[in-house]
Amino acid sequence: MIRLTLPYPPSANRYWATRVITPRGSNRAQAMTYVTPEAKQYKESVGWLAKAAGAKKIEGRVAVVIELYPHRPLDYQKRMRLLGDQWDNGVQCIDLGNAEKVLSDALKDVLFGDDKLLHDIHLKRMEPDDGEARVVVTLTPYVRAGAAQPSLLGAA
């Protein structure tokens, strides 16, 4: 099992960018999507943190749990009084789908080989606490529950 606490991920809008180019000798403009310098820096930071933690690449299928801790606003106590256990619904936070995409890209080739090896993904938005905004990622080798059906294996 690998459990890492990582910096809060940038939004997908700041991780990937698109520009329009016109290749030489062509009149057709093409959209090109690329990884931004901020994304490259985040990916490098994630790689160094994983290495410093002694994390080793998982070979084969992977299960991942992503716990996203947004920044707790200064007025959180007022929000708690007014809104009860729903107080953090309005806290600024990257959406879970984008967080997963950004983290999958940042962890690829560091802790697992390819996105297609992610077989079980759980995403959780956590209640902001007194810690820094962050993401806690837990990766384990994925083992499918139960054996394959004999009919799928070609047995009669």
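# Reading a four-stranded sheet and its helices

Visitor: Which residue is the bridge partner of Tyr 69 in S6?

Guide: The bridge partner of Tyr 69 in S6 is Arg 134. This is a predicted model, in which local features need pLDDT of at least 70 and side-chain atom pairs count only at pLDDT 80 or more, while totals for chains, interfaces and linings use all residues. Residues are numbered from 1 along each chain as its sequence is written, and side-chain values use heavy atoms, with hydrogens and water left out.

Visitor: How should I read the pairing of strands, and how many bridges join S4 to S6?

Guide: Strands of a sheet pair through backbone hydrogen bonds, either parallel or antiparallel. Strands (E, at least two residues) and helices (H or I, at least four) are DSSP runs numbered from the N terminus, and two strands pair if DSSP finds at least two bridges between them. Here strand S4, residues 62–69, is joined to S6 by 8 bridges, and the two run antiparallel. Within that pair, Val 64 stands opposite Leu 139 of S6. Strand S1, residues 2–7, also pairs with S6 in the antiparallel sense, over 6 bridges, with Thr 5 having Val 136 as its bridge partner and Pro 7 standing opposite Arg 134.

Visitor: In which sense, parallel or antiparallel, do S4 and S5 pair?

Guide: S4 and S5 pair in the parallel sense, over 7 bridges, and one of the positions to inspect is Ala 63, whose bridge partner in S5 is Asp 120.

Visitor: In what order do the strands lie in the sheet?

Guide: The 4 strands form an open sheet in the order S1-S6-S4-S5, and the pairing is mixed. The edge strands, each pairing on one side only, are S1 and strand S5, which covers residues 118–125. On average, neighbouring strands of this sheet are turned by 15 degrees against each other, with direction ignored; angles run from 0 to 180 degrees between N-to-C directions, and axes are lines fitted to C-alpha atoms, for helices over the stretch in contact.

Visitor: Which strands of the sheet do H2 and H4 touch?

Guide: H2 packs on the sheet by touching S1 and S6, and its direction makes about 140 degrees with that of S1. H4 also packs on the sheet, where it touches S1, S4, S5 and S6, and its direction makes about 130 degrees with that of S5.

Visitor: At what angle do H2 and H4 pack?

Guide: The angle between H2 and H4 is about 60 degrees, and their axes are 9 Å apart. The contact (heavy atoms within 4.5 Å) is made by Tyr 42, Lys 43 and Val 46 on the H2 side, and by Val 102, Leu 103, Asp 105, Ala 106 and Leu 107 on the H4 side.

Visitor: How many residues of S6 are buried?

Guide: Buried means under 20% relative accessible area, exposed means over 50%, and partly exposed lies in between (1.4 Å probe, protein chains only). In S6, residues 134–141, 6 of the 8 residues are buried, and the strand is mostly covered. In S4, 7 of the 8 residues are buried, so the strand is largely enclosed by the rest of the structure.

Visitor: Is Leu 74 buried or exposed?

Guide: Leu 74 counts as exposed because its relative accessibility is 88%. It lies in the loop between S4 and helix H3, residues 76–83, and its C-alpha atom is separated by 32 Å from that of Ala 17, 57 residues apart along the chain. Arg 14, found in helix H1, is partly exposed, with a relative accessible area of 45%. Apart from neighbours within four places in sequence, Arg 14 is in contact with Thr 36 and Glu 38, while its C-alpha atom is 21 Å from that of Trp 48, 34 residues apart in sequence.

Visitor: Which residues have the most contacts inside the largest nonpolar core?

Guide: A nonpolar core is a set of buried Ala, Val, Leu, Ile, Met, Phe, Trp, Tyr and Cys residues joined through side-chain atoms within 4.5 Å. The largest one here has 27 residues, and those with the most contacts inside it are Leu 6, Tyr 42, Leu 111, Val 135, Val 137 and Leu 139. At least two residues of this core come from each of S1, helix H1 (12–15), helix H2 (37–52), S4, helix H4 (96–107) and S6, with H4 giving the largest share, 5 residues. Leaving aside neighbours within four places in sequence, Leu 111 is in contact with Ile 2, Leu 4, Ala 50, Ala 55, Lys 56, Lys 57, Ile 58 and Leu 139.

Visitor: Where does Pro 141 lie?

Guide: Pro 141 lies in strand S6, and beyond its neighbours within four places in sequence it is in contact with Ile 58, Arg 61 and Ala 63. From C-alpha to C-alpha, Pro 141 and His 122 are 14 Å apart in space and 19 residues apart in sequence.
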